[in-house]
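User: Could you take a close look at one part of this model for me? I would like to hear about its aromatic rings.

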Amino acid sequence: MRPAPVPQPERRASLGLTETHDLRTGSVPWREADWELPASDAFPSAHVDGAILGCGIVGAIIADRLSDGGRRIAMFDRRPPGCGSTAASTAQVMWAMDVPMTHLARTIGEDEAARRWRRVYKAVRTLGERVDELGLENGRHECPTLYLAGNVLDEYGLSEEAPMRRRHGLPSDFLEAEDVARRFGIAPRAAIVSQGGFDIDPVRICHAMLGRARAAGASLTWPVDVVGLHPAEDGIVLEAADGRRCHARDVILATGYERATFFLPPAFRLHATFAIATPPGTAPLWREGAMIWEAADPYRYLRTDRLGRIIAGGEDIDRADGPGRDALIGTKTGTIAAKLEALLESGPITFERRWTATFGSSPDGLPAIGQVALMPHVWLAATFGGNGIAFAGLAAEILENELGGREDPDHDCFSPYRF
């Protein structure tokens with residue numbers, strides 16, 4: 001089934017269970033004409049063990065993990081699956097986070113900072129293995145990550161960051177500016193080079209994981225807008241906008257950047273980012289196919305894909321959506337291209353796709369994963385921070401433990417109420 005232009009939900013005030021946003025505008029790098037959207041199953045009539053609201057990459061990774069354990073899972077989305085924020089992702093799957101480890105250590109101590117970073121590193125490695133198990137051609141591509149000096153960590157700051165990571169088993173090495181230029185073929189700039197990251201086609205992986213969950217017995221219903229959760233005996237009754245209801249023992253809110261405002265604290269904020277994709281065959285313009293980002297606020301980020309395109313983004317603003325955001329696409333994407341030329345010391349960079357999208361952040365760069373405070377049997381999987389896909393793998397691990405009656409040893413690290 002090949003979709004027509006992707007329908008968007010009717011925009012309404014943020015008075016329902018979750019907000020509704022224009023999550024992306026522009027031409028994303030993943031060809032919408034190539035998307036094979038999964039069929040919609042009937043609205044479930046029987047009780048289910050778990051209901052997942054949101055079927056983008058986060059909901060798909062969680063559903064894949066939970067259904068693999070034999071649970072009866074029902075998935076719901078107000079959009080076609082994978083067609084919201086997932087389609088706008090540049091899909092760099094990294095374990096290194098927006099808030100440097102040294103900065104986090106100043107707040108909570110080195111041991112606690114390392115505990116969180118090691119757990120994210122483990123989740124990324126496990127997620128990579130699950131992607132491999134899908135058996136897709138070109139499912140993922142491992143490559144080094146290059147973290148360049150900026151206004152958050154200068155050369156000296158990076159020289160402290162890398163040894164701290166290594167002390168805790170995280171593969172990172174500091175490189176001086178000239179070593180970076182020689183090895184990677186970009187403008188001289190001090191950096192940390194790390195191993196263990198990979199890139200994916202996010203929509204393709206999302207649909208493949210939804211397919212595997214359905215093959216294990218999960219149901220997927222879309223478009224349906226769940227607007228209410230009602231406590232009931234041994235669980236929650238979900239109410240859709242059209243009046244249909246479903247009983248679930250547990251509900252997981254994986255609604256991405258359409259926040260569940262009654263449950264998610266205001267420390268988890270929304271922003272917007274801008275991105276470009278060059279024509280196929282532009283790359284390579286630097287060596288080793290490294291994913292590059294900056295120790296800066298805001299930072300640029302860039303990678304290549306298997307078609308030889310460069311996908312780059314940045315120029316973030318504190319505005320989630322709307323005409324004001326969209327009006328900046330031309331200016332912001334032009335700035336990204338110009339800065340890319342300076343970094344690569346190349347000629348003019350042309351691009352054929354440009355877009356803007358909503359994303360979320362948190363004070364420590366970590367997600368909100370855990371049981372909500374106001375209603376039993378309801379769980380948040382809000383993967384705010386610059387590592388949404390990595391945090392989805394983390395959420396799947398934590399929720400599998402917690403819903404299975406095993407307290408996850410690190411659940412307090414990512415509690416939605418830690419601030």
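How many aromatic pairs does the structure hold?

Analyst: Happy to help! This is a predicted model, in which local features need pLDDT of at least 70, side-chain atom pairs count only at pLDDT 80 or more, and totals for chains, interfaces and linings use all residues. Residues are numbered from 1 along each chain as its sequence is written, and side-chain values use heavy atoms, with hydrogens and water left out.

The structure holds 9 aromatic pairs (rings of Phe, Tyr and Trp, the last by its six-membered ring, with centres within 6.5 Å; planes under 30 degrees apart are stacked, over 60 edge-to-face and the rest tilted). One of them joins F268 and F419: the pair is tilted, with 5.7 Å centre to centre and 55 degrees between the planes. F268 sits in the loop between β11 (245-253) and β12 (269-277), while F419 belongs to the segment after α10 (388-403), so this pair ties together parts 151 residues apart in sequence. Here helices (H or I, at least four residues) and strands (E, at least two) are DSSP runs, numbered from the N terminus.

F268 counts as buried because its relative accessibility is 0%, whereas F419, at 49%, counts as partly exposed (buried is under 20% relative accessible area, exposed over 50%, partly exposed in between, with a 1.4 Å probe and protein chains only).

Next come Y299 and Y301: their ring centres are 5.9 Å apart and their planes at 70 degrees, so the pair is edge-to-face. Y299 is buried at 14% relative accessible area, and Y301 is buried at 9%. Ring pairs link Y299 and Y301 with Y147 and W293 into a cluster.
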